[in-house]
Amino acid sequence: MSASLAPECNDVKERYDTCFLKWYSEKYLRGSATTDECEPLFKQYKTCLSKALKERGIDQMLEEARADNKENDAEYLRPSGR
Amino acid sequence: MRLFTSTHTFDYSWEEVSTNNWRKYCPWNDKASHVLAVDTLSRSFDPATHLLRTERLITCRQAAPSWLKPFLAGREESLVYEVSYVDPVAKRVTMCSQNLTMSEFLTCAEKVVYTPATGDGGGAGRTRFEQEARITALCGGWAKVRQKIEEFSVERFGQNAARGREGFERVLAMSRQVFREQREREAAGAGA
């Protein structure tokens, strides 16, 4: 797996990524997922990462990018072609 | 604005490609040393539609040409924001990304779609890759400069796209090999 931009988050990121990949391939793709089982681990990772993003001023840049991406959300978050 | 497009067919199933897409930049990829980090910013799964939305932040080593470096205020990393949408029922992965850094000079909006291959290039276990990038330079009224920057950027984008594909092929091959070895070990264990 890839590293985090914040080295202090690497451990929790690794645990989350491993959990996610297993869930994705064994449950999600097979249509048997009802919840995102890795969410508790993601919350821990996010707490660590958010701090680093804020310290580096990246959170502001992300807000702008999110606003730019609204059209894609509108287009791809509705189930199409089925 | 310049448009770059490319298509490719991977000899792997959509399930394998979409799974390995998450670890495209892992150490198995020997063509991605410029990718320093990949962080997940958010992930939401909707059990009603089965859609999975993921936001990621990709940190790369700065790859700007030397003549642009004085304008980059000493930032040593370039950042890319990516939002992906997986539809496991329609079997479609759509990834939209844009640059966060250097965006005062240049915007690069990329869209990548992975779907099962159909038609002539199709058959079970193949995946179609479609890539489109819109590159726009923004430097006041200097049309010539803008044109040069766009030309340079499209060329570089094309080189990187080819490397990206090669690296991903390697990740797919390694993943299949590791999976097979694991199965063999399990089978040997069960038979013992």
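This section describes the overall build of chain B and then the cysteines of chains A and B in a predicted model.

Chain B is a good place to start. Its secondary structure consists of 2 helices and 7 strands. Read from the N terminus, these elements follow the order β-α-β-β-β-β-β-β-α, with a helix in second place and another at the end of the series. The C-alpha trace of chain B spans about 70 × 35 × 35 Å along its principal axes. Chain B has 192 residues, and 46% of them count as buried. Its accessible surface amounts to about 9,700 Å², with 51% of that area belonging to carbon and sulfur atoms. Of the contacts in chain B between residues at least 6 apart in sequence, 57% join residues at least 24 apart. Chain B carries 27 positive and 24 negative charges, and the mean positions of the two sets are 3 Å apart.

Turning to the cysteines, a search of the whole structure finds 2 disulfides over all chains. One of them joins Cys9(A) and Cys48(A), with the sulfur atoms 2.1 Å apart. The torsion about this S-S bond is about -90°, so the disulfide of Cys9(A) and Cys48(A) is left-handed. Cys9(A) sits in the segment before helix 1 (10-28) of chain A, while Cys48(A) belongs to helix 2 (residues 39-55), so the bond ties together parts that are 39 residues apart in sequence. Cys9(A) counts as buried, at 0% relative accessibility.

Cys19(A) and Cys38(A) also form a disulfide, again with sulfur atoms 2.1 Å apart. The torsion about the S-S bond is -90° here, and the link is left-handed. Cys19(A) lies in helix 1 of chain A and Cys38(A) in the loop between helix 1 and helix 2, so this pair connects parts that are 19 residues apart in sequence. The two partners can be told apart by their exposure: Cys19(A) is partly exposed, with a relative accessible area of 23%, whereas Cys38(A) is buried, at 1%. Counting bonded cysteines along the chain, the disulfides of chain A have the pattern 1-4, 2-3.

In chain B, Cys60(B) is in no disulfide, and the nearest cysteine sulfur, that of Cys108(B), is 11 Å away. A disulfide requires sulfur atoms within 2.5 Å, so a pair at that distance does not qualify. Cys60(B) is buried, with a relative accessible area of 11%. Cys108(B) is likewise in no disulfide, and it counts as buried at 17% relative accessibility.

Technical notes: Residues are numbered from 1 along each chain as its sequence is written. Chains are lettered from A and ligands numbered from 1 in the order in which they are written. This is a predicted model: local features need pLDDT of at least 70, side-chain atom pairs count only at pLDDT 80 or more; totals for chains, interfaces and linings use all residues. Side-chain values use heavy atoms; hydrogens and water are left out. Helices (H or I, at least four residues) and strands (E, at least two) are DSSP runs, numbered from the N terminus. Buried means under 20% relative accessible area, exposed over 50%, partly exposed in between (1.4 Å probe, protein chains only). Contact means heavy atoms within 4.5 Å. Accessible areas come from the Shrake-Rupley method with a 1.4 Å probe; for residues, only the protein chains shown count as cover. Lys and Arg count as positive and Asp and Glu as negative; His and the chain ends are not counted. The place of a charge is taken as NZ of Lys, CZ of Arg, CG of Asp or CD of Glu.
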